[in-house]
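Biologist: I should like to request a close look at a single part of this model, namely its interior. Please set out how that interior is built up, and go through individual residues where they help to describe it.

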Amino acid sequence: MTAATRQEVLSLYRRVLRIARSWQAQSALPQDTKSERDYIAQEARTLFRQNQQVTDPESIKKCIEECRARIEIGLHYRNPYPRPTYLPPMGLATQKGRKLRAQERLRKQAKPIYLESHDETS
């Protein structure tokens, strides 16, 4: 990891923790605010530690893009939790003769960038 990439990752981590400290739930209930703040901080710790050993520049770039996307979506919708995708089973078009493997591949390709690490931590 280059020094610039390291600084960028640390900057994102600090930004997420700052967001967690100042987060206010939409419901304005203290217990909701606390649980959402705890979720943001815990999710950041988990994902950053999980990806700490990543050395491939392309993988690091994808992780940074995912982090930025989750930050922007969370701030925009005022919801810290990843937005789910609703794809019905076998709902993606396939070519003739291809069944489950093709569906799984298409489903994986259809998954938004902000949800790629969510399955790994849940």
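Modeller: Residues 24 or more positions apart account for 65% of those contacts in the chain that have a separation of 6 or more. The model is a predicted one, and every value below is computed from it. The chain has five helices and zero strands, and from the N terminus on its elements run α-α-α-α-α. Of the 122 residues in the chain, buried residues make up 25%. The accessible surface of the chain comes to about 8900 Å², and carbon and sulfur atoms hold 53% of that surface.

The interior itself is best approached through the largest nonpolar core. That core has 12 residues in all: L12, V16, I19, A20, W23, I40, A41, A44, I60, I64, C67 and I71. The elements that give two or more residues to this core are α1, α2 and α3.

Two of the core residues, A20 and A41, can be followed in detail. A20 lies in helix α1, while the place of A41 is in helix α2. A20 is buried because its relative accessible area is 6%, which is under the cut-off of 20%. A41, with a relative accessible area of 11%, is buried because this value is likewise under 20%. When neighbours within four places in sequence are left aside, A20 is in contact with R37, I40 and A41. Of these partners, I40 and A41 are listed in the core. Seen from the other side, and not counting residues up to four places away in sequence, A41 touches L17 and A20. The contact between A20 and A41 therefore joins two residues that are both buried and both part of the core. Distances along the backbone complete this picture. The C-alpha atoms of A41 and L17 are separated by 6.0 Å, with the two positions 24 residues apart along the chain as the stated separation. A20 and Y39 are 19 residues apart in sequence, and their C-alpha atoms are 8.4 Å apart in space.

The core also shares residues with the largest pocket. This pocket has a volume of about 840 Å³. Of the 37 residues that line it, the closest to its centre are Y13, A44, L47, F48 and C67. Among these, A44 and C67 are members of the nonpolar core. The elements that give two or more residues to the lining are α1 (3-22), α2 (30-50) and α3 (57-77), and the largest share, 10 residues, comes from α3. By type, the lining residues divide into 25 nonpolar, five polar and seven charged.

W23, a further core member, leads out of the core to R78. R78 is found in the loop between α3 and α4 (100-110). Not counting residues up to four places away in sequence, R78 touches W23, Q24, Q26 and I73. R78 and W23 are 55 residues apart in sequence, yet their C-alpha atoms are 8.8 Å apart in space. R78 is classed as partly exposed because its relative accessible area of 29% falls between the cut-offs of 20% and 50%.

The backbone of R78 deserves a remark as well. Most residues other than glycine have a negative phi. Phi of R78, however, is near 55°, a positive value in a residue other than glycine. A28 also has a positive phi, near 65°. The place of A28 is in the loop between α1 and α2. A28 counts as exposed because its relative accessibility of 59% is over 50%.

In summary, the interior is centred for this description on a nonpolar core of 12 residues, to which α1, α2 and α3 each give two or more. These helices likewise give two or more residues each to the lining of the largest pocket.

Conventions. Residues numbered from 1 in each chain as written. Predicted model: local features only at pLDDT ≥ 70, side-chain atom pairs only at ≥ 80, totals over all residues. Heavy atoms only, no water. 1 Å grid on protein atoms, 1.4 Å probe; cavity = no way out; pocket = protein on both sides within 12 Å on 5 of 7 lines; lining within 4 Å. Points joined across faces, edges and corners; volume = space filled by probe spheres on them. Helix = DSSP H or I, 4+ residues; strand = E, 2+ residues; numbered from the N terminus. Nonpolar A, V, L, I, M, F, W, Y, C, P; charged D, E, K, R; others polar. Buried < 20%, exposed > 50% of the residue type's maximum accessible area, 1.4 Å probe, protein only. Contact = heavy atoms within 4.5 Å. Areas by Shrake-Rupley, 256 points an atom, 1.4 Å probe, with all protein chains shown as cover. Core = buried A, V, L, I, M, F, W, Y, C linked by side-chain atoms within 4.5 Å.
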